[in-house]
Amino acid sequence: MGTAKTKTRTVRIARLPNADGVGVLCIETDGACQFYTFLEIRCEIGGRGFAVHRLGQGELYHVRVGAPEDASCECMGFLRWGRCKHVSALAALIRQGELPQRGVL
Ligand SMILES: [Zn+2]
């Protein structure tokens, strides 16, 4: 936004959720891949909730995806800008039908 360089960012599922519901997604920015584990968690306040953990780093974010007013994330980007790659990555996967809703305990 407003910068001279436009980044190309794509997201894909690297590993589908296993029996425990834990999957891996890859956010690719200008050819560089960042892997995140994700786990859908119970969410009672609108939208779908995910615990997202960047591989190789200590950061764990709780991400909520849904209607615009239901989107949230704990990362600095979202706190500052009201949007972030975690929310947009999960929203894109859901939009593409790649994250079918499963029963969440
Ligand atoms: Zn975020």
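The exercises below work through a predicted model of one protein.

**Exercise 1. Determine how many helices and strands the protein has, and in which order the elements run from the N terminus.**

Solution. Begin with the count, which gives two helices and five strands in the protein. Then follow the chain from the N terminus on, where the elements run β-β-β-β-β-α-α.

**Exercise 2. Compare the radius of gyration of the protein with the value for a compact globule.**

Solution. Start from the length of the protein, which is 105 residues, because this sets the expected radius of gyration of a compact globule near 13 Å. Next take the value for the protein itself, which is 13 Å and therefore agrees with that expectation. To complete the picture, consider the C-alpha trace, which spans about 45 × 30 × 30 Å along its principal axes. As for the inside and the surface, 33% of the 105 residues count as buried, while the protein exposes about 6,700 Å², of which carbon and sulfur atoms supply 55%.

**Exercise 3. Find which residues of helix H2 are buried, and state which elements they pack against.**

Solution. First locate helix H2, which covers residues 85-95. Within this helix, the buried residues are His 86, Val 87, Ala 89, Leu 90, Ala 91, Ala 92 and Leu 93. Then look at their surroundings: the buried residues of H2 pack against the strands E1 (9-15), E2 (22-29), E3 (32-41), E4 (48-54) and E5 (60-65), and also against helix H1 (76-81). Finally, move past the end of the helix, where H2 is followed by Gly 97, a residue with a positive phi near 75°.

**Exercise 4. Describe how strands E4 and E5 pair, and what lies between them.**

Solution. The sense of the pairing comes first, and E4 and E5 pair in the antiparallel sense over six bridges. As one example of a bridge, Val 52 has Tyr 61 in E5 as its partner. The connection comes next: the two strands form a hairpin with five residues between them, and Gly 56 in the turn has a positive phi of about 85°.

**Exercise 5. Decide whether Asn 18 is buried, partly exposed or exposed, and say where it lies.**

Solution. Place the residue first, since Asn 18 sits in the loop between E1 and E2. Its relative accessible area is 36%; because buried means under 20% and exposed means over 50%, with partly exposed in between, Asn 18 is partly exposed. For a distance across the model, take Ala 71, which is 53 residues from Asn 18 along the chain, and find that the C-alpha atoms of these two residues are separated by 25 Å.

How values were computed: Residues numbered from 1 in each chain as written. Predicted model: local features only at pLDDT ≥ 70, side-chain atom pairs only at ≥ 80, totals over all residues. Heavy atoms only, no water. Helix = DSSP H or I, 4+ residues; strand = E, 2+ residues; numbered from the N terminus. Rg over C-alpha atoms; globule rule 2.2 N^0.38 Å. Buried < 20%, exposed > 50% of the residue type's maximum accessible area, 1.4 Å probe, protein only. Areas by Shrake-Rupley, 256 points an atom, 1.4 Å probe, with all protein chains shown as cover. Contact = heavy atoms within 4.5 Å. Pairing = 2+ DSSP bridges.
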